[in-house]
Structures are given as C-alpha cells and as structure tokens.
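Subject: A structure for you to look at

Hello,

Here is the structure I promised to pass on to you. Have a look at it first, and then read on for what turned up in it.

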Amino acid sequence: MKNLAYISIGVLFGITMYKSEAASWFRIYEMFNFQAFHMYGIIGVAVVLGLIIMQLLKKYQVKTFFGVPIIIDDKEKSFKRYFYGGIIFGLGWALAGACPGPMFTLVGAGFYSLLIVIAFAVFGTYIYGVIKDKLPH
C-alpha cells in the first residue's frame with residue numbers, strides 16, 4: 001500500500017511534468033536563452049507553492065498518510081552551501097539538459113538515453129557522499 005501511494009504520486013508528477021512541457025528540452029533551451037517565460041513561470045509557481053506548503057506543514061504539524069509526524073528541521077543559514085550547490089546543480093542541468101524530475105519523466109516517456117544521465121547523476125551523488133565531510137556546509 002505504501003509503495004502504491006509513492007508510485008501513484010510519482011506517476012502524477014511525471015504526467016504533470018510532461019503535459020506542462022517542463023520536461024521538454026526545447027523549453028529548457030528557451031529558458032537558458034531567455035526566449036520564453038514558460039519555464040520561469042513553472043519554476044516560480046513551484047517555489048511559491050513550496051514556500052506556502054512548507055509554512056502550512058510547520059504551522060499545523062501535519063502527519064503523513066501513515067500517521068508519522070512530518071518534522072522539518074531549520075536549516076543552518078549559510079551562503080557557501082547554496083552558492084556552491086547551486087553552481088554544481090546548474091552545471092549538471094546545463095550539461096544534461098534536464099534536472100532530476102524531467103530525467104525520470106523523459107525515461108517514462110520512452111527516451112531511454114536519459115538512463116545514462118541518471119546513472120551519472122547517481123554516480124555524482126555517490127561522489128558527494130564520499131567527499132561530503134570535506135565540503136563547506
């Protein structure tokens with residue numbers, strides 16, 4: 001049951017990403033060339049909704065479907081972690097032409113060459129885990 005809920009949410013997310021063209025390489029290309037507002041609108045809506053939902057989760061102490069309380073710890077305020085993390089994420093996005101959500105969406109849509117990108121993303125995550133203690137946080 002638990003896995004079915006996760007799979008259902010993932011499928012809904014993938015359909016939303018695909019139908020909104022957020023997974024379209026051409027839309028991402030337009031965004032990086034400042035030719036269209038489409039992707040900035042999607043990202044802006046996601047950021048605003050994320051802020052609102054996070055504040056509501058904190059205020060009302062919401063629980064998961066399974067009764068487990070959702071605990072969101074406050075993050076340490078620092079510039080370095082977001083600056084370097086943003087640069088690395090942006091470079092990966094620019095090189096691959098997709099961030100993690102669209103990568104899985106595109107594989108679900110039949111673009112199996114993205115499996116190579118996902119494999120390297122997982123490898124990069126592994127490398128981060130290895131050198132995590134040596135990075136500024």
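Let me begin with one residue: T105 lies in helix α5. Helices here are DSSP runs of H or I with at least four residues, strands are runs of E with at least two, and both are numbered from the N terminus. T105 is buried, its relative accessible area being 8%. For that word and its relatives, buried means under 20% relative accessible area, exposed means over 50%, and partly exposed is in between, with a 1.4 Å probe and protein chains only. Leaving aside residues up to four places away in sequence, T105 touches G14, M17, Y18 and A23, where a contact means heavy atoms within 4.5 Å.

Before going further, two notes on how to read all this. This is a predicted model, in which local features need pLDDT of at least 70 and side-chain atom pairs count only at pLDDT 80 or more, while totals for chains, interfaces and linings use all residues. Residues are numbered from 1 along each chain as its sequence is written, and side-chain values use heavy atoms, with hydrogens and water left out.

**The overall picture**

The protein has 6 helices and 0 strands, so from the N terminus on its elements read α-α-α-α-α-α. Its C-alpha trace spans about 40 × 40 × 30 Å along the principal axes. Of the 137 residues in the protein, 15% are buried. If you take the contacts between residues at least 6 apart in sequence, 37% of them join residues at least 24 apart. The accessible surface comes to about 10900 Å², and 72% of that belongs to carbon and sulfur atoms; these areas come from the Shrake-Rupley method with a 1.4 Å probe, and for residues only the protein chains shown count as cover.

**Two helix pairs**

T105 brings us to the packing of helix α1 (residues 2–19) with helix α5 (residues 100–108): their axes are 9 Å apart and the angle is about 95°. Axes here are lines fitted to C-alpha atoms, for helices over the stretch in contact, and angles run from 0 to 180 degrees between N-to-C directions. That makes α1 roughly perpendicular to α5, a label for angles of 65 to 115 degrees (under 35 counts as roughly parallel, over 145 as roughly antiparallel, and the rest as oblique). On the α1 side the contact is made by F13, G14, M17 and Y18, and on the α5 side by G101, P102 and T105. Sorted by class, this contact has 4 nonpolar, 3 polar and no charged residues. The classes are these: Ala, Val, Leu, Ile, Met, Phe, Trp, Tyr, Cys and Pro are nonpolar, Asp, Glu, Lys and Arg are charged, and the others, Gly among them, are polar.

The second pair is α2 and α3, whose axes come within 8 Å and cross at roughly 95°. That makes α2 roughly perpendicular to α3. Here R27, I28 and M31 in α2 meet H38, M39, Y40 and I43 in α3, and the residues of this contact divide into 5 nonpolar, 1 polar and 1 charged.

**Salt bridges**

Side chains of opposite charge can pair when their charged atoms come close. How many salt bridges does the structure hold? There are 3, counting a side-chain nitrogen of Lys or Arg within 4 Å of a carboxyl oxygen of Asp or Glu.

R27, from the contact of α2 with α3, also appears here. Its side chain meets that of E21 in a salt bridge at 2.7 Å, N to O. R27 forms a salt bridge with E30 as well, the closest N and O atoms being 3.2 Å apart. R27 and E30 both lie in helix α2 (residues 25–32), 3 residues apart, which is about one turn of the helix. E21, R27 and E30 are thus linked in a network of salt bridges. Each member is partly exposed: R27 has a relative accessible area of 22%, E21 of 35% and E30 of 24%.

K58 forms a salt bridge with D74, with 3.6 Å between the closest N and O atoms. This pair links distant parts of the chain, 16 residues apart: K58 is in helix α3 (residues 38–60), and D74 is in the loop between α3 and α4 (80–96). K58 is partly exposed at 38% relative accessibility, whereas D74 is exposed, at 68%.

**One more spot in that loop**

Q61 also lies in the loop between α3 and α4 and counts as exposed, at 63% relative accessibility. The C-alpha atoms of Q61 and I71 are separated by 7.8 Å, with the two residues 10 apart along the chain.

Happy exploring, and best wishes!
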